[in-house]
Amino acid sequence: MDKLKDQTTLIAISFLLLLGAIYLFVYSPSTSNPLFSFQYQNHCQSSNTISTPITGADTLEVALAEASMSNNKTVIIAIVNKAYVEGDRSMLDLFLDGFWVGEDTRGLVDHLLLVAVDQTAFERCEFLRLHCYKLETDGVDFDGEKVYMSDDFIKMMWRRTLFLGEVLKRGYNFIFTDTDVMWLRNPFPRLIQNDSTVDLQISTDAFNGDQWSETNPINTGFYMIISNNKTITLFDSWYAKKDDSAGLKEQDVLNNMIHGGVFQYLGLRVRFLDTLYFSGFCQDSREVRAVTTVHANCCRTINAKVADLTAVIHDWNRFRASSSSTANETSTFSWSKHVACAGSWN
């Protein structure tokens with residue numbers, strides 16, 4: 001009888017030890033437990049969380065996917081450095097103000113990818129809770145102001161061209177915009193969409209009256225481009241001329257390529273944007289009821305751009321606050337003179 005009791009006790013103890021082992025094996029939070037690790041990874045995958053380290057290339061893909069319009073893989077891209085995000089009234093602040101006061105523009109910020117070329121600009125972007133991407137620049141210092149046509153300015157423009165070519169290769173269409181462009185109205189209704197035959201739509205410093213004429217002087221501070229083999233080849237060919245174009249900014253090089261017949265050679269259909277809608281300081285829009293964007297082109301320094309674009313915002317607010325849509329009010333409207341930008345060349 002005592003022997004039977006001992007056997008029963010031994011069996012009970014063994015059973016309890018087995019249960020304890022199973023509990024520790026299955027429910028222990030130790031990350032070294034292979035079963036627990038398997039269950040945790042499956043949980044992460046089911047909630048769309050990336051559980052592996054993100055490479056630089058993956059980071060860009062994630063940033064583009066999050067910012068793009070889901071129906072057509074189109075994203076709005078702007079590039080900033082420290083000089084554009086710091087100060088009492090930074091260029092980035094002013095740029096975002098345009099989306100706030102513009103007509104049908106606030107929602108477009110959801111599709112804006114801000115590309116930072118230094119850590120300060122990246123941190124500022126993240127603080128503003130925008131879509132952000134940190135562009136590695138191989139040890140080149142891009143954080144200060146790059147005065148128009150300085151060596152560093154030209155280097156930054158070429159780095160921008162290389163990056164945007166990479167975006168095209170990933171299958172994304174985009175509007176590229178400088179941050180010294182005020183978006184006063186949603187530009188998409190003024191751009192040709194759903195037409196795969198129009199590869200590039202680019203702003204001009206002065207419109208000659210013909211939207212298909214290659215004699216229009218281009219400005220690469222605002223354009224919409226479709227990703228396809230022709231546009232990818234254009235960007236590859238464009239960037240390949242960097243080392244043979246000393247003293248020229250990328251816009252000058254592209255302009256020379258246009259005059260050399262690159263659009264016809266590649267079979268590109270390119271539309272040149274009317275300054276009535278896509279205007280700038282080089283040529284003001286003559287119709288405030290039609291103007292879509294205002295670019296601080298023909299201007300040399302950031303301080304001058306900020307001063308005169310602030311005046312543009314004031315002009316815009318004045319127009320909207322008036323009885324705004326009467327013909328008399330429109331006929332008397334005029335833009336403020338771009339005094340600071342005119343003086344920036346002295």
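Seven strands make up an open sheet in this predicted model, and their order is β3-β2-β1-β4-β7-β6-β8. The pairing within the sheet is mixed. Follow the order to its ends and you arrive at β3 (131-134) and β8 (270-272), the edge strands. Each has a single partner strand, so one side of each is left without a neighbour in the sheet. From one strand to the next, the twist averages 30°.

Now step inside the sheet, to strand β4 (residues 173-177) and strand β7 (residues 218-225). These two pair in the antiparallel sense, over four bridges. To pick out a bridge by eye, find I175 and look across to β7, where M224 is its bridge partner.

Next, look for a helix that meets the sheet. Helix α6 (residues 119-127) lies across β1 (74-80), β2 (112-116) and β3. Relative to β3, α6 runs at about 165°.

Finally, turn to a pair of helices, α5 (residues 91-101) and α11 (residues 302-321). Their axes come within 10 Å and cross at roughly 15°. Angles under 35 degrees count as roughly parallel, and α5 and α11 are therefore roughly parallel to each other. The crossing of α5 past α11 is left-handed. Which residues make the contact? On α5 they are M91, L94, G98 and V101; α11 brings I302, K305, V306, L309, T310, I313, W316, N317 and R320. Sorted by character, the residues of this contact comprise eight nonpolar, three polar and two charged.

Conventions. Residues numbered from 1 in each chain as written. Predicted model: local features only at pLDDT ≥ 70, side-chain atom pairs only at ≥ 80, totals over all residues. Heavy atoms only, no water. Axes fitted to C-alpha atoms, helices over the stretch in contact; angles between N-to-C directions. Parallel < 35°, antiparallel > 145°, perpendicular 65-115°, else oblique. Left-handed = near helix turned anticlockwise from the far one by under 90°. Contact = heavy atoms within 4.5 Å. Nonpolar A, V, L, I, M, F, W, Y, C, P; charged D, E, K, R; others polar. Pairing = 2+ DSSP bridges.
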